[in-house]
Amino acid sequence: MNPNLIKYIKRYVSISETEIDLFQSYLSPRKLNKKDFLLKEGRICKSRYFITKGCIRLFYIDNKGNEQIIHFGIDSWWITDYESLINEKPSKLYIQAIENTEVLELPEETFDELCQKIPQTERLFRKIMEKTYIAIQKRIEYMYSLSGEELFETFITENPEFIQRVPQYMIASYLGMSPEFVSRIKREKNNFIS
């Protein structure tokens, strides 16, 4: 049994030990090396992934050939391409490990069966979707209402774990900034502190 998963589930729903065992029986462990992909553009996403250890990014490549990061996932987060998963259509996105990562894969083909056997599963994933939606809403609000410096400061204040684990150019992409702009902000901040 994965203790991170058990803790995560119990944060949102009441579930018995027997149900936890059953829930975990629907998951398959996978190990990814840094830069390995769970999903590539053009393929249909067929699973949801619980990150037990590691860091993952969800991104697309724009028409200029630039990577645009939509989302990050770290230990004890779920990640997937919901549009491809739910609509069963080829993905426009990539899901890639930023560092050596371990995930538990929940295939969509068995998801309804799991929900029938453990009804709390639907509530769990509704809560996940609500939290994801709130995070996206906040990100959009911040991008429209804050200056570049304020946006970067808010991001590192609310997500300190990412600064240590995610390369600076990826954080810049996620925030819609150039890597040079982020370097300048960090340099100015360091000069101010010293």
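What follows is a look at the aromatic contacts, one helix and the two largest pockets of this predicted model.

Aromatic rings come first. The model holds 12 aromatic pairs. One of them joins Phe37 and Tyr94, whose ring centres sit 5.8 Å apart with 55° between the planes, a tilted arrangement. This pair bridges distant parts of the chain, with Phe37 in strand β2 (residues 37-39) and Tyr94 in strand β7 (residues 94-97), 57 residues apart. The two partners differ in exposure: Phe37 is partly exposed at a relative accessible area of 30%, while Tyr94 is buried at 14%.

Tyr94 also pairs with Phe59. Here the centres are 5.0 Å apart and the planes meet at 15°; stacked pairs need planes under 30 degrees apart, so this one counts as stacked. Since Phe59 belongs to strand β4 (residues 55-61) and Tyr94 to β7, the contact ties together parts of the chain 35 residues apart in sequence. Both Phe59 and Tyr94 are buried. Phe59 has a charged neighbour too, as the charged end of Arg57 sits over its ring, 3.9 Å from the centre.

Elsewhere, ring pairs join Tyr8, Tyr12, Phe50, Trp78, Phe111 and Phe125 into a cluster. One member of that cluster, Phe111, has Arg48 lying over its face, at 3.9 Å from the ring centre.

Phe125 leads on to helix α5, where it is one of the buried residues, along with Thr121, Leu124, Ile128 and Tyr142. The helix covers residues 120-145, and at 1.5 Å a residue its 26 residues should span 38 Å; the end C-alpha atoms are 37 Å apart, so the two figures agree.

Helix α5 also turns up in both pockets. The largest pocket encloses about 780 Å³ and has 28 lining residues, with His71, Trp77, Lys131, Ala135 and Asn159 nearest its centre. Elements giving two or more residues to this lining are α1 (3-12), β5 (67-74), α5, α6 (148-158), α7 (160-165) and α8 (168-175). Of these, α5 gives the most, with 9 residues. By character, the lining splits into 16 nonpolar, 5 polar and 7 charged residues.

The second largest pocket holds about 530 Å³ of space. Its lining has 22 residues, and Leu58, Ile70, Thr80, Tyr82 and Ile136 are the closest to the centre. At least two lining residues come from each of β4, β5, β6 (78-79), α3 (82-87) and α5. Once again α5 gives the most, this time 6 residues. This second lining breaks down into 12 nonpolar, 5 polar and 5 charged residues.

Technical notes
Residues numbered from 1 in each chain as written. Predicted model: local features only at pLDDT ≥ 70, side-chain atom pairs only at ≥ 80, totals over all residues. Heavy atoms only, no water. Phe/Tyr/Trp six-rings, centres within 6.5 Å; stacked < 30°, edge-to-face > 60°. Helix = DSSP H or I, 4+ residues; strand = E, 2+ residues; numbered from the N terminus. Buried < 20%, exposed > 50% of the residue type's maximum accessible area, 1.4 Å probe, protein only. Lys NZ or Arg CZ within 6 Å of the ring centre and 35° of its normal. Expected span 1.5 Å × (residues − 1). 1 Å grid on protein atoms, 1.4 Å probe; cavity = no way out; pocket = protein on both sides within 12 Å on 5 of 7 lines; lining within 4 Å. Points joined across faces, edges and corners; volume = space filled by probe spheres on them. Nonpolar A, V, L, I, M, F, W, Y, C, P; charged D, E, K, R; others polar.
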